[in-house]
Amino acid sequence: MARKTKEEALETRNRILDAAEVVFQRNGVSRTSLADIASEANVTRGAIYWHFEHKVDLYDAMIQRIIAPFEQRLEELQSHQHDNPMTFVRALVLSILHDLVHNPRHFRVFEIAWHKCEYVGEMAKIRDQHMECGHRFLDIMEKALQLAQERKFLAQNTDARQAAVGLMALMDGLVVNWTLDPQLFSLDAMAGNIVDIFLAGLGVQAT
């Protein structure tokens, strides 16, 4: 019986998060209330407060639901034993961009995060948390690039930190511009070539 209750609670939590994605995308974060989300999810406000302390907590959970698997892959990259770390880096970047195109949830959440939320006031705390995530990404990518240099897959005169910053900027630029206007370019068709052009500039052969 307890197991069923736990499963039902998880189902309700996910329904609330699904509803939050829809309403945040439609109205913007600042113009969305918990009552709006409760109505969309067909639950009471009390049900929302059972799972989330406030709107900021709910927003963070929405973000973490798609970021957590990505961070797990970053940890895999950090401890991997692949012969060529750049092969894994390329695959990881392209998988993120692929999910953005083909997974509606990823598109919704990235659109909300980049275009429908102001990180001021109560949302400032979330901004700080996302900055920490960005720092972890840079650190792990830098270590992967350094490992690639050690294994002679990357030119020794490449600054690993600068290359990691450039890679993150490339990804962010593609995400920001494509979620703003998916008709601007075909991310699905161009992502591989764009990433390979950047890696070729570092002296990495396309794989």
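Contacts along the chain come first. Take the contacts in the protein chain with a separation of 6 or more: residues 24 or more positions apart account for 70% of them. Keep in mind that this is a predicted model.

Now the overall layout. The protein chain has nine helices and zero strands. Read along the sequence, the pattern is α-α-α-α-α-α-α-α-α. Along the principal axes, the C-alpha atoms fill a box of roughly 60 × 40 × 30 Å. The chain has 207 residues, and 42% of them count as buried.

Next, helix packing. Two packed helices are described by the angle between their axes and the distance between the axes. I'll take two pairs, and α5 is in both.

Pair one is α5 with α9. Helix α5 covers residues 85–102, and helix α9 covers residues 187–201. How do their axes cross? They come within 10 Å, at roughly 155°. The cut-off for roughly antiparallel is over 145 degrees, so α5 and α9 are roughly antiparallel to each other. The crossing is right-handed.

Who makes the contact? On the α5 side: Met86, Arg90, Val93, Leu94, Leu97, His98, Leu100, Val101 and His102. On the α9 side: Leu187, Asp188, Ala191, Gly192, Val195, Asp196 and Leu199. By class, that contact has ten nonpolar, three polar and three charged residues.

Stay with one of the charged ones. Arg90 lies in helix α5. Is Arg90 buried or exposed? Its relative accessible area is 17%. Buried means under 20%, so Arg90 is buried. What does its side chain touch? There is a polar contact with the side chain of Asp196, at 2.6 Å. Asp196 is on the α9 side of the helix contact, so to speak the partner across the pair. One more distance for Arg90: its C-alpha atom and that of Leu147 are separated by 15 Å, with their positions 57 residues apart along the chain.

Pair two is α5 with α6. Helix α6 covers residues 104–115. Here the axes come within 5 Å and cross at roughly 95°. Roughly perpendicular runs from 65 to 115 degrees, so that is what α5 is to α6.

The residues, then. Asp99, Leu100 and His102 in α5 meet Pro104, His106, Phe107 and Phe110 in α6. The classes here are four nonpolar, two polar and one charged. Note Leu100 and His102. They are listed in the contact with α9, and they also meet α6.

To recap: α5 is roughly antiparallel to α9 and roughly perpendicular to α6.

Key: Residues numbered from 1 in each chain as written. Predicted model: local features only at pLDDT ≥ 70, side-chain atom pairs only at ≥ 80, totals over all residues. Heavy atoms only, no water. Axes fitted to C-alpha atoms, helices over the stretch in contact; angles between N-to-C directions. Helix = DSSP H or I, 4+ residues; strand = E, 2+ residues; numbered from the N terminus. Parallel < 35°, antiparallel > 145°, perpendicular 65-115°, else oblique. Left-handed = near helix turned anticlockwise from the far one by under 90°. Contact = heavy atoms within 4.5 Å. Nonpolar A, V, L, I, M, F, W, Y, C, P; charged D, E, K, R; others polar. Buried < 20%, exposed > 50% of the residue type's maximum accessible area, 1.4 Å probe, protein only. Polar contact = N/O pair within 3.5 Å; in protein donor to acceptor, adjacent residues only side chain to side chain.
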